[in-house]
Amino acid sequence: MTLNGITDSFRKRIILGFTLLIILFLGVMITVEITGIPFTDNKGTFAAQRSKTLSDMELASGILGERLSSWFTERRVDVDGLSTSPLLRKSIESRSAGSGKELADELASFLASHPDVAAVVLFDPFTTAVRASSGGFGDARSAADIGIAPDKFARLTLPGYLETVEIVIAADKKPHLRILRQLLATDASNRIIAILVAECNLEESLRPLIWSVRSNIISHEWGGDLGVTIGGEVAQFHLDARGVTFTNTPVSAVNKFSPIRLALSGIEGPYYGLDHLGQPVLAFYRQVKFDRGISLGLVLKVDQHIAAKPVRDDLRLQLALWCAMFIVGLALCILMAKQLSRPIRELTGAVERIASGDLAARAPETDRTEIGQLALVFNGMVAQLQTWQQDLEQQVSERTKELQQKNAELERFTYTVSHDLKSPIITIKGFTGSLEKDLAKGNYERMAGDLKRVSDAADKMNDLLRDLLELSTIGRIVKTPEAVDMNLLVADVLSQLAGPLKNSNMAVDVQSGLPEVFCDRRRMAEVLQNLLENAIKYMGDQADPQIQFGMREEAGEHIFFVQDNGIGIDEKYHKIIFGLFNKLDAASEGTGVGLALVKRIVEVHGGRVWVESEGEGMGSCFCFTIKEVPQ
Ligand code: ADP
């Protein structure tokens with residue numbers, strides 16, 4: 001996988017991680033919203049809505065029950081008012097011929113001022129015949145015509161049986177509230193002068209009553225049932241948005257455990273299940289008790305699906321909001337992942353460029369995070385690498401240059417060696433030829449001279465080969481440098497040169513307090529010996545020969561020197577004399593290897609060597625530097 005590929009997968013993993021986190025969060029939120037938090041009072045929004053609806057229904061059913069009770073009491077008071085009316089009673093007592101008409105008018109005026117009372121009738125207590133009627137009892141002639149059996153009527157005429165209230169199914173097949181009342185004489189005799197029966201059509205009366213509360217306390221989505229037991233059967237009114245309708249539901253269709261049955265049995269409470277029509281409902285039922293042993297069963301109910309609608313709508317809205325949040329969250333997450341991976345991408349880009357050889361590439365250091373720090377360290381590392389690479393390249397180019405110089409030097413050396421070795425061979429060859437001739441001629445005198453020249457040439461060659469061998473070994477046999485006291489070393493070399501110095505009647509003036517140097521002692525002795533030998537050798541015919549060995553300091557560098565007041569060296573030869581086999585005077589003794597040897601030893605020790613001379617006859621000063629003992 002490439003570095004960029006790794007960065008991409010890093011970004012994908014961040015996005016995936018955040019997405020899962022958001023989904024998990026939203027999932028938990030939705031679950032908590034719907035089901036609530038376990039082991040707490042929070043049972044979720046559906047349960048909360050349910051309990052609120054039930055509590056509203058409990059309150060509404062209580063108020064409605066109160067209103068129904070009041071209505072019932074008001075009707076009794078109405079009938080009571082009529083039955084105790086002195087005017088009506090006097091009219092009954094007068095028994096005048098026109099009293100029937102008068103009575104009917106009075107009853108009609110009562111009905112007109114009491115719209116809830118549908119019909120009213122007066123019976124003679126002894127004959128059960130109708131004395132007067134108004135409203136729905138127009139055709140009735142006797143009590144039996146409106147369903148009051150003779151024995152029941154007889155009971156009504158008993159003293160003290162002042163009032164009876166019942167709910168009956170009237171001639172119109174609808175439940176009616178029937179109030180039966182004794183009318184007593186206006187004197188104090190308590191004589192029953194008539195039986196008054198007043199009826200209220202429950203369906204008609206309840207409709208406006210329920211409408212009056214419907215808009216305030218009963219939600220328009222609710223329905224309800226009002227049940228009443230008539231002759232052992234349950235008659236039901238159905239309350240809905242249209243009003244109140246009496247439904248002649250067969251008793252068998254009403255479940256024994258239906259809310260209406262439970263309400264009629266005198267208990268109250270919430271109901272959560274199927275109603276008598278098999279619909280899932282949420283209901284509250286209670287008994288509404290009237291006086292005189294009459295009671296109704298009241299049920300307020302709502303379809304569970306409708307009850308949960310606000311919660312569902314709310315949840316839908318929340319879901320839409322959460323989806324929007326999820327999308328925004330995802331977009332933010334992608335943006336964040338991009339932001340997070342950007343410095344990594346830039347860093348990997350820089351790494352890839354460096355890996356492909358571009359050491360000048362750098363990662364941007366703008367980011368302040370850990371990655372920014374990493375970029376900083378990384379750039380430092382690359383800069384170091386670049387420096388090393390440049391150093392290495394420089395070293396390689398220096399070494400290459402050095403190697404080229406060495407090669408050229410080797411070429412020159414080979415040429416010089418072969419050239420210089422050739423000359424004694426040519427000499428030997430030449431004289432062996434002349435030896436043959438001398439031998440043939442018997443010229444023995446010349447032969448001795450020739451033989452001497454052959455021998456000298458062989459010696460010369462021997463010296464050359466010895467010095468060459470010496471020179472060639474220098475690079476290899478330099479020992480590990482050590483601290484060497486220059487005072488002791490020069491004294492040692494001078495003791496070896498005591499013979500030549502004495503022979504030429506010279507002395508070397510050595511500067512005192514020379515420092516220690518860091519070198520191969522034997523090689524350094526060779527340097528001193530060569531330089532001092534040359535000073536002796538090339539003194540010329542100086543009347544007052546002087547040789548000095550000392551040290552001077554220039555620009556913080558210690559320069560050792562061997563100075564003489566000998567023949568001196570022209571400036572144009574100052575460099576040449578350090579070359580192999582180079583001699584200024586071919587006739588002089590020596591091989592011309594000494595200074596080359598000196599140069600080589602000094603350079604192997606990391607120093608420099610040069611000659612200072614103002615020209616021929618002006619003496620020479622051979623200088624060299626050498627590493628001193630590190631402090
Ligand atoms: P050699 O002494 O064997 O000839 P060197 O390499 O030691 O070889 O010296 C090279 C040449 O440098 C000498 O032949 C000589 O001409 C010149 N030279 C060396 N030392 C001195 C000196 N102190 N004064 C003058 N010339 C010198």
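In the predicted model, F72 has a relative accessibility of 0% and therefore counts as buried. This residue takes part in one of the aromatic contacts of the structure, of which a search of the whole model returns 5 pairs. The partner of F72 is F290: the ring centres lie 4.4 Å apart and the planes meet at 15°, so the pair is classed as stacked. Distant parts of the chain are linked by this pair, since F72 belongs to helix 2 whereas F290 lies in the loop between strand 10 (280-289) and strand 11 (295-303), with the two positions 218 residues apart in the numbering. F290 likewise counts as buried, because its relative accessibility is 9%.

A further stacked aromatic pair is formed by F560 and F624, with 5.6 Å from centre to centre and 25° between the planes. This pair also links distant parts of the chain, F560 being in strand 16 and F624 in strand 18, 64 residues apart. Both F560 and F624 are buried. Ring pairs join these two residues with F549 into a cluster.

The strands that carry F560 and F624 belong to an open sheet of 5 strands with mixed pairing, arranged in the order 13-15-16-18-17. Strand 13 (508-510) and strand 17 (609-612) occupy the edges; each has a single partner strand, so one side of each is left without a neighbour in the sheet. On average, neighbouring strands of this sheet are turned by 25° against each other, direction ignored. Strand 13 pairs with strand 15 (residues 547-554) in the parallel sense over 3 bridges. V510 has F549 of strand 15 as its bridge partner, and F549 is also a member of the aromatic cluster with F560 and F624.

Between strand 15 and strand 16, the connecting loop contains A555. Although A555 is not a glycine, its phi is positive, at about 50°. The relative accessibility of A555 is 89%, and the residue therefore counts as exposed. A positive phi is also found at T128, again not a glycine, with a value of about 65°. T128 is located in the loop between strand 1 (119-123) and strand 2 (130-135). With a relative accessibility of 23%, T128 counts as partly exposed because this value lies between the limits for buried and exposed residues, 20% and 50%.

Helix 14 (residues 521-537) lies across strand 13, strand 15, strand 16 (557-564) and strand 18 (620-625), and runs at about 170° to strand 18. Helix 14 also packs against helix 15 (residues 594-604), at an angle of about 145° and with the axes 9 Å apart. This crossing of helix 14 and helix 15 is left-handed. Helix 14 contributes R523, E526, V527, N530, L531 and N534 to the contact, while helix 15 contributes G594, L595, L597, V598, I601 and V602. By class, the residues of this contact comprise 7 nonpolar, 3 polar and 2 charged.

A second helix pair is formed by helix 2 (residues 45-83) and helix 6, which pack at an angle of about 145° with their axes 11 Å apart. The crossing of helix 2 and helix 6 is right-handed. On the side of helix 2, the contact involves A60, I63, L64, R67, L68 and W71; these meet L202, S205, L206, L209, I210, S212, V213 and I217 of helix 6. The contact of helix 2 with helix 6 divides into 11 nonpolar, 2 polar and 1 charged residues.

Helix 6 (residues 202-217) also includes W211. W211 counts as partly exposed, because its relative accessibility is 39%. The C-alpha atom of W211 is separated by 138 Å from that of L469, a residue 258 positions away along the chain.

N201 lies in strand 5 (residues 192-201). At a relative accessibility of 10%, N201 falls under the 20% limit and so counts as buried. When neighbours within four places in sequence are left aside, the contacts of N201 are with D116, A118, D172, K174, P175 and H176.

Terms used: Residues are numbered from 1 along each chain as its sequence is written. This is a predicted model: local features need pLDDT of at least 70, side-chain atom pairs count only at pLDDT 80 or more; totals for chains, interfaces and linings use all residues. Side-chain values use heavy atoms; hydrogens and water are left out. Two strands pair if DSSP finds at least two bridges between them. Helices (H or I, at least four residues) and strands (E, at least two) are DSSP runs, numbered from the N terminus. Axes are lines fitted to C-alpha atoms, for helices over the stretch in contact, and angles run from 0 to 180 degrees between N-to-C directions. Contact means heavy atoms within 4.5 Å. Buried means under 20% relative accessible area, exposed over 50%, partly exposed in between (1.4 Å probe, protein chains only). A crossing is left-handed if the near helix is turned anticlockwise from the far one by less than a right angle, and right-handed if clockwise. Ala, Val, Leu, Ile, Met, Phe, Trp, Tyr, Cys and Pro count as nonpolar, Asp, Glu, Lys and Arg as charged, and the others, Gly among them, as polar. Rings of Phe, Tyr and Trp (its six-membered ring) pair if their centres lie within 6.5 Å; planes under 30 degrees apart count as stacked, over 60 as edge-to-face and the rest as tilted.
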